[in-house]
Amino acid sequence: MYAVHFMEKNIIVLTQVLRDIPVVEDNLKIKGRKGKVISVQETEENGIHVQVEFEQIVDKNKAATKELGKKKRK
């Protein structure tokens with residue numbers, strides 16, 4: 001069993017106790033966000049740091065709000 005710390009830009013996103021260690025280029029889904037493993041680093045006897053890069057979140061509501069503000073009112 002390993003204590004796996006999933007990190008994004010040196011900020012711990014999630015810590016889990018796992019039997020299997022993630023591999024580089026693995027696709028993950030953490031807290032509803034899709035991501036990819038960039039690197040895996042062993043820190044202690046049972047500690048692992050996993051660097052994850054998440055996909056950018058696109059806010060669809062911003063585009064809709066801008067269109068509403070530009071409409072002319074009668």
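The lining of the largest pocket mixes 4 nonpolar, 2 polar and 5 charged residues. The model you are looking at is predicted. Strand E5 is a good guide through it: E5 provides the largest share of that lining, 4 residues, and E5 also gives the most to the largest nonpolar core, again with 4 residues.

**The largest pocket**

- The space in this pocket comes to about 190 Å³.
- Rolling a probe the size of a water molecule over the atoms is a way to show where empty space is left.
- To find the pocket in the 3D view, look for its lining residues: Glu 8, Lys 9, Arg 33, Ile 38, Gln 51, Val 52, Glu 53, Phe 54, Glu 55, Gln 56 and Ile 57.
- Two strands each supply at least two residues of this lining, namely E4 (33-42) and E5 (47-54).

**The largest nonpolar core**

- Which residues make up the largest nonpolar core? There are 9 of them: Val 4, Phe 6, Val 13, Ile 30, Val 37, Ile 48, Val 50, Val 52 and Phe 54.
- Strand E1 (2-8) and strand E5 are the elements that give two or more residues to this core.
- Val 52 and Phe 54 belong to the core, and both are also listed in the lining of the largest pocket.

**Val 50 and Val 4, two members of the core**

- Is Val 50, a residue of strand E5, buried or exposed? Val 50 counts as buried because its relative accessibility is 0%.
- Beyond its neighbours within four places in sequence, Val 50 is in contact with Val 4, His 5, Phe 6, Met 7, Pro 22, Val 37, Ser 39 and Val 40.
- Among these partners, Pro 22 is 28 residues away from Val 50 along the chain, yet the C-alpha atoms of the two are separated by 7.8 Å.
- Val 4, with the same neighbours in sequence left aside, is in contact with Leu 14, Thr 15, Gln 16, Leu 18, Pro 22, Ile 48 and Val 50.
- Pro 22 therefore appears as a contact of Val 50 and of Val 4.**The hairpin of E1 and E2**

- Strands E1 and E2 (residues 11-18) run antiparallel and are joined by 7 bridges.
- Within this pairing, His 5 stands opposite Thr 15 in E2.
- How many residues lie between E1 and E2 in their hairpin? There are 2, and Lys 9 in the turn has a positive phi of about 55°.
- Lys 9 is also one of the residues lining the largest pocket.
- In a regular strand, side chains alternate between the two faces of the sheet.

Methods: Residues are numbered from 1 along each chain as its sequence is written. This is a predicted model: local features need pLDDT of at least 70, side-chain atom pairs count only at pLDDT 80 or more; totals for chains, interfaces and linings use all residues. Side-chain values use heavy atoms; hydrogens and water are left out. On a 1 Å grid over the protein atoms alone, a cavity is a set of points where a 1.4 Å probe fits but cannot get out, and a pocket is an open set with protein on both sides within 12 Å along at least five of seven lines; lining residues have an atom within 4 Å of a point. Grid points are joined across faces, edges and corners, and a volume is the space filled by probe spheres set on the points. Ala, Val, Leu, Ile, Met, Phe, Trp, Tyr, Cys and Pro count as nonpolar, Asp, Glu, Lys and Arg as charged, and the others, Gly among them, as polar. A nonpolar core is a set of buried Ala, Val, Leu, Ile, Met, Phe, Trp, Tyr and Cys residues joined through side-chain atoms within 4.5 Å. Buried means under 20% relative accessible area, exposed over 50%, partly exposed in between (1.4 Å probe, protein chains only). Contact means heavy atoms within 4.5 Å. Two strands pair if DSSP finds at least two bridges between them.
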